Amino acid sequence: MKNMKKIIAIIAAIAVICAVFVACSGKKTDEKSNANSANNASVSEKADEEATGGKLVMATNAEFPPYEFHEGDSIVGIDAEIAAAIAEKLGMELQIEDVSFDSIIPGVQAKKYDMGMAGMTVNEDRLKDVDFSDSYATGVQVVIVKEGSDIATVDDVAGKKIGVQTSTTGDIYATDDFGDENITRYDNGAVAVQALISGKVDCVIIDNEPAKSYVAANEGLKILDTEYVEEQYAICFNKENTELKDKVNGALKELIADGTVQKIVDKYINAD
């Protein structure tokens, strides 16, 4: 009888141990499953954040009013506001980096910046290095001269000393048309205009909108009635970053269609 009781006690003990083992095993499995679920959720949330969030780093040269210029500690203007609207559409935070104009494309090529936006014209030379978005604005290159200058038309520019902003289309077109020996390059349009005022150059070739600002701010200057070149402005991207280019184009298309882009342009450029 005693032996029978011992056997029953041993069987009961084994049953208890098995139950505890199964319970612990189940708990570990549940904990592992819960941990995997949490990790998967974290990865999913991170993927969603990367798809819709993050920073959109834009390189510009804030010496080109009304497209980009400094207002206190902020960079404002047509390009800055359009870029902000694009970033908002994409659920991203816009970060603007102010650099020299001729550093924008190399910086985008090196993936230092996500895109470049600085009243930049699409041309064959630039298309060798970067891709461009759809156009969002039309620009016109003009010639600034002193009042009383013997330069009355674009044809009269030939043989004159011409001031330009380095690496702009004004620089490119003027070099092609009038020869590198007649071109003097400056870091920005304001410095080029000061060179005109001081007599170091005979004229300045630059975009019409900043030209109007410079003429308004400096007595004794005027813009020739005849336009030099008409061009289309667009946003540049690294050639490998087609995904971002496509997303920006999609946002830009919506902003043009709903009138946002035109509203921004009208804010800075008087139709008259």
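Three bridges join strand β3 (residues 68-71) to β4, and the two strands run antiparallel. Strands, like helices, are DSSP runs numbered from the N terminus (a strand is E over at least two residues, a helix H or I over at least four), and two strands pair if DSSP finds at least two bridges between them. One of the links places Phe-69 opposite Val-76 of β4, its bridge partner. The wider setting is an open sheet of three strands in the order β2-β3-β4, with antiparallel pairing. Strands β2 (63-64) and β4 (74-76) stand at the edges with a single partner strand each, so one side of each has no neighbour in the sheet. Strands of a sheet pair through backbone hydrogen bonds, either parallel or antiparallel.

The structure is a predicted model, in which local features need pLDDT of at least 70 and side-chain atom pairs count only at pLDDT 80 or more, while totals for chains, interfaces and linings use all residues. Residues are numbered from 1 along each chain as its sequence is written, and side-chain values use heavy atoms, with hydrogens and water left out. The predictor's confidence in each residue is its pLDDT, on a scale from 0 to 100. The protein chain averages a pLDDT of 85, and 80% of the residues score at least 70. Over residues 1-52, however, pLDDT stays under 50, and the model has six contacts beyond four places in sequence for this stretch; a contact means heavy atoms within 4.5 Å. Where pLDDT is low, the predicted coordinates should not be read in detail.

The protein chain as a whole has nine helices and 14 strands. Of its 272 residues, 42% count as buried; buried means under 20% relative accessible area, exposed over 50%, and partly exposed in between (1.4 Å probe, protein chains only). Among contacts between residues at least 6 apart in sequence, 72% join residues at least 24 apart.

The interior may be approached through the largest nonpolar core. Such a core is a set of buried Ala, Val, Leu, Ile, Met, Phe, Trp, Tyr and Cys residues joined through side-chain atoms within 4.5 Å. Of its 27 residues, Ile-82, Ile-86, Met-115, Met-117, Tyr-136 and Ile-235 touch the most other members. The elements that give two or more residues to this core are β1 (55-60), α2 (78-90), α8 (242-257) and α9 (260-268), and α2 supplies the largest share, seven residues. Beyond four places in sequence, the residues that Met-115 touches include Leu-56, Met-58, Ala-83, Ile-235 and Cys-236. Cys-236 is itself buried, at 0% relative accessibility, and Cys-203 likewise has a relative accessible area of 0%. A search of the whole structure finds zero disulfides, a disulfide being a pair of cysteine sulfur atoms within 2.5 Å.

Aromatic rings connect the region of the first sheet described above to strand β13. Rings of Phe, Tyr and Trp (its six-membered ring) pair if their centres lie within 6.5 Å; planes under 30 degrees apart count as stacked, over 60 as edge-to-face and the rest as tilted. The whole structure contains four aromatic pairs. In one of them, Tyr-67 and Tyr-233 have ring centres 5.1 Å apart and planes at 85 degrees, so the pair is edge-to-face. Because Tyr-67 lies in the loop between β2 and β3 and Tyr-233 in β13 (residues 229-233), the pair ties together parts that are 166 residues apart in sequence. Tyr-67 is buried at 3% relative accessible area, and Tyr-233 is buried at 0%. Ring pairs link Phe-64, Tyr-67 and Tyr-233 into a cluster.

Strand β13 also shows an alternating pattern: Val-229, Glu-231 and Tyr-233 point to one face and are buried, while Glu-230 and Gln-232 point to the other and are not. It pairs with β8 (residues 137-146) in the antiparallel sense over five bridges, with Glu-230 as the bridge partner of Val-140.

Helix α5 (residues 169-178) has Thr-169, Gly-170, Asp-171, Ala-174 and Phe-178 buried. The elements covering these residues include α4 (124-127), β8, β9 (162-165), β10, β11 (203-207) and β13. Just after α5, Gly-179 takes a positive phi of about 90 degrees.

A contrasting site is Asp-187, in the loop between β10 (183-186) and α6 (189-197). Asp-187 is exposed, with a relative accessible area of 63%. Leaving aside neighbours within four places in sequence, Asp-187 is in contact with Gln-165 and Thr-166.
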